[in-house]
Amino acid sequence: MSTQRARRAALCAALAVTAGALAALPSGSAPALTPPLSMTAEHLPTWQTNGIVYAMAEADGTVFVGGTFSTIRPPGAASGTRERPAVNFAAFDAATGAPADCSMSFTIGSGTAQVRAMDVSPDGETLYVGGSFGSAGGSGASSLAAIDIDTCTRVGSFRPSANGIVRAIAATDDRVYLGGDFTQISGESHARFAALTTAGAVVDGWTADADEIGKAVEVTPDGEHVLLGGDFFTVNGDDSHALAVVSADSGEVERAYPEGFIPTASTVQDIYADATGFYTGNEGSGGGVFDGRIALDLDTFEERWRDTCLGATQAVQVHDDVLYSGHHAHNCSSMGAFPNQSRYHLLAQSVDDPKLLGWFPNTNDGLGEALGPRVMAVAENLPGEDRDYLWVGGGFTTVNGQAQWGLTRFATSPDSGRPTAPEAHAASTRPGEIDVTWRASQDLDDSLLTYRVYRDGGSEPVHSVQAESVPWLRPQLAFTDTGVPEGESHSYRITATDGAGNVSTLSPAVTATSAAGTEPYVEEVLADDPLLYWRYDETAGNFASDASGNASSGVHRGGPQRGVTPGAVPGPQAASVGHDGADSYTYSDDVYSGVTRYTLETWFRTTTDEGGKLIGMGDRILEESYSHDNNVYMLNDGRLRFALFNGTFRTATSTSAYNDGEWHHVAASVGSRGMELYVDGERVARNFLVTSARNLSGYYWHTGGDNLDRFPGQPASDYFAGQLDETAVYGSQLPADRIAAHLGAAEAPGDSVTTLEPAADTYVNGAATGTSYGSHQQLAVRGSSPYESYLRFADLPGAPAGTVLKGAALRLTVGGDSFSGSGDDVAVVPVEGSWTESGTTYAGRPALGEGTLGTLSAPSAPGGVQTVPLDRATVEAALGGGELDLALVGEGTDSLWLWAREATQSGYRPQLVLTFGAP
């Protein structure tokens, strides 16, 4: 078994166990969120700031925030509107997100005042505030202040001073511990860390002097120890970089973490402690940094786990045994999670396991240092509330894609966000079976979803299954409809449901007709056990279905053209994908490792003179790869090159050019015979110097484009302008006779397909009864306030000798505008009356015949291609030179817009598809 297949099998087995366990739960007992998550991902309406929030604390349902801002404004209000003054400090009702009855200004004579630290006394009566300010509430202060929470006034007796920024505060019943840039507190020497009494006096004998900035202070739950974090390398002279455990009584170092436990270039930005452990948020710069989180046990102060995500962590907070964190994580591939790509700013993990949980609300980088979230706080067990709240502050200006500055919050309920609609495909390559595949949906706080498959608009599912998914890994799922008579067509739609019962919208309908026999090319490919096999027969969306059986689904980026005909290999649903040569490509939705001997295979057609990648491996999926290898690409002059890197570049290059606008088959392999390049069944290049590729980990397959930087003969464009079809990857070097067998199967006698464009088409409008629309580029259909469309296909051919009509279908393309698709079914009916393209109006529309020849099932996807099987007997009667007149009639109030024969792009025009084969 290949490494990839073994990994897939293990994953499927794990999911099956999970699904079985959940299925055994009593009715109604399923958790609303995927355990152990407690917070939903839907952000709640919250007032905003006009600057950065650096500090946050909560007391009895009030959340206090501090930072560098001057105003606050309601949720939804644009910057500069509906603002009220709030100078670096504000208080909010934790449950409503609205301002609370407490305001105080923190200012400074010169420079920028900032509130950097807050903590509430254990009795909930006093808020301690630190930062860099010279005045608090209108009276003098030196970067430290205390506020009586009940009256929202300064505690006059608390008047310590710091000669530098105070960045961290931790309060106990009798002490207030500080961290920051300072070297003196109230004139006494204390470098970066200090302890005060609650009256504001420096605690004699408490010393924890550090050589660099202190950024985090936390007291252990038993009150015996103080946890210190920051930039430092020594504490009290002991070698301890970025993290140390000291005595709460004296400051003496009780556990040091010598340089190396946290890399030299990394620091501790935040610390949080719960009943059993403490957790650090870390930031680094340069190479070899550590940006993730560390969990440590309180009993031993030893590491429990650490993650290795890259993207500086600024805040950590625990709620119900889940560690929530704020950062700008952009690469968690070292943990088996997402590759280097667009940033995630909020993540969740179990306190016992670094695996990322399925919680993915997001912000942007925002203001200042562009770090996104900077601080977190939980408000729980509030009087009159049946839910807890997670507050997040920082420099962000959007949350979940919506404008929101500085503050946001989440709650434990309700979970009201619906999963995204699945993207599906249906195909039949074996008699009696229709395979339905779909890409798993995305839900921001539920990674385990239930999918239900509905056939022909039925109200009861014909199949249901549970599966896990996260944004960067949404596996392909499948259902095979069996016992379907030859030539019988069915449509399928799918929903996804989360643990709270939120149901996605129905997927766009997909339709397939049960095959009369097997497809020779498909059978030959599957006989060689491909790791992935993308046929590109989908007609809309971003999902590329994998026919290999390994569920290695592909994802289209950059909007390549879908359902482009003709395809490279004849077949009932033959189509290809069209790439633009600019930014469109397809990537595998899973990483591959251990692929050192392989064969890459695809069909291509192009006239480009700028080259481009046909297929290769890369380390990123949502942007160009930084690292890449195992590339098959076209040079500017149309020649093909197969290249890999194993310490030096190795290549095999064709002598002929293939940018002639014809379909060509290419297979590139590496193995015991060296590197081999085949085109149209002939070996055109070979390199004996390498028999194995590098063992790469964390790489994805890309087709149609990706980075080719530094590869020999890099073409003018890394992206391919042309069509691709029937892409497969094999985990071995295929012999020449198998490559020839694939090519031969594509050319084997079989069913033939003939396509015709309309000789005329038009639509009529019930609201403009005298208007003709025959010259329009689109057709329209609607039931109520009606539109009807008409198409005429002329001079239908006769069946070739020895064949009969085995199938007929109408192929239509939905317009590209957002409103073009329809959620209503559309019937195809015969036209009996006469009509002309230029003269037909609603008032003079033709009579329609009895019966329905076919149905478009809710063609809702803009740009989607709809293939509607037609009544074979009706079409057969028109063969041999006759005409076929069809009408499209709506059944509801939702309008549908389709491309007409006047469309400038030929691939968008309607087609009548006739399939002929042996009786």
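**Exercise 1. State whether Tyr 633 is buried or exposed, and describe its ring pair with Phe 711.**

Step 1. Tyr 633 has a relative accessible area of 0% and is therefore buried; buried means under 20% relative accessible area, exposed over 50%, and partly exposed in between, with a 1.4 Å probe and protein chains only.

Step 2. Phe 711, at 5% relative accessibility, also counts as buried.

Step 3. Rings of Phe, Tyr and Trp (its six-membered ring) pair if their centres lie within 6.5 Å; planes under 30 degrees apart count as stacked, over 60 as edge-to-face and the rest as tilted. The ring centres of Tyr 633 and Phe 711 are 6.4 Å apart and the planes stand at 80°, so this pair is edge-to-face.

Step 4. Tyr 633 belongs to strand E53 (residues 628–634), while Phe 711 is in the loop between strand E59 (700–703) and E60, so the pair ties together parts that are 78 residues apart in sequence. Strands (E, at least two residues) are DSSP runs, numbered from the N terminus.

The model is predicted: local features need pLDDT of at least 70, side-chain atom pairs count only at pLDDT 80 or more, and totals for chains, interfaces and linings use all residues. Residues are numbered from 1 along each chain as its sequence is written, and side-chain values use heavy atoms, with hydrogens and water left out.

**Exercise 2. Count the aromatic pairs and work through the pair of Phe 360 and Trp 472.**

Step 1. The count comes to 33 aromatic pairs.

Step 2. In the pair of Phe 360 and Trp 472, the distance is 5.5 Å centre to centre and the angle between the planes is 90°, which is edge-to-face.

Step 3. Phe 360 lies in the loop between strand E32 (353–356) and E33, and Trp 472 in the loop between strand E41 (463–468) and strand E42 (476–482), so parts 112 residues apart in sequence are tied together by the pair.

Step 4. Phe 360 is buried at 4% relative accessibility, and Trp 472 is buried at 9%.

Step 5. One aromatic cluster is formed by Phe 64, Phe 89, Phe 106 and Phe 133.

**Exercise 3. Find which rings Arg 792 and Arg 845 sit over.**

Step 1. A charge sits over a ring if NZ of Lys or CZ of Arg is within 6 Å of the ring centre and within 35 degrees of the ring normal.

Step 2. Arg 792 lies over the face of Trp 835, 4.3 Å from the ring centre.

Step 3. Arg 845 has its charged end over the ring of Tyr 842, at 3.9 Å from the centre.

**Exercise 4. Describe strand E45 and its partner.**

Step 1. Strand E45 covers residues 530–534, and five of its five residues are buried.

Step 2. Two strands pair if DSSP finds at least two bridges between them. Four bridges join E45 to strand E60 (residues 721–730), and the two run antiparallel.

Step 3. Leu 532 stands opposite Val 729 in E60.

**Exercise 5. Locate Ala 194 and give its separation from Asp 894.**

Step 1. Ala 194 is part of strand E18 (residues 193–197).

Step 2. With 0% relative accessibility, Ala 194 counts as buried.

Step 3. Ala 194 and Asp 894 lie 700 residues apart in sequence and 69 Å apart in space, C-alpha to C-alpha.
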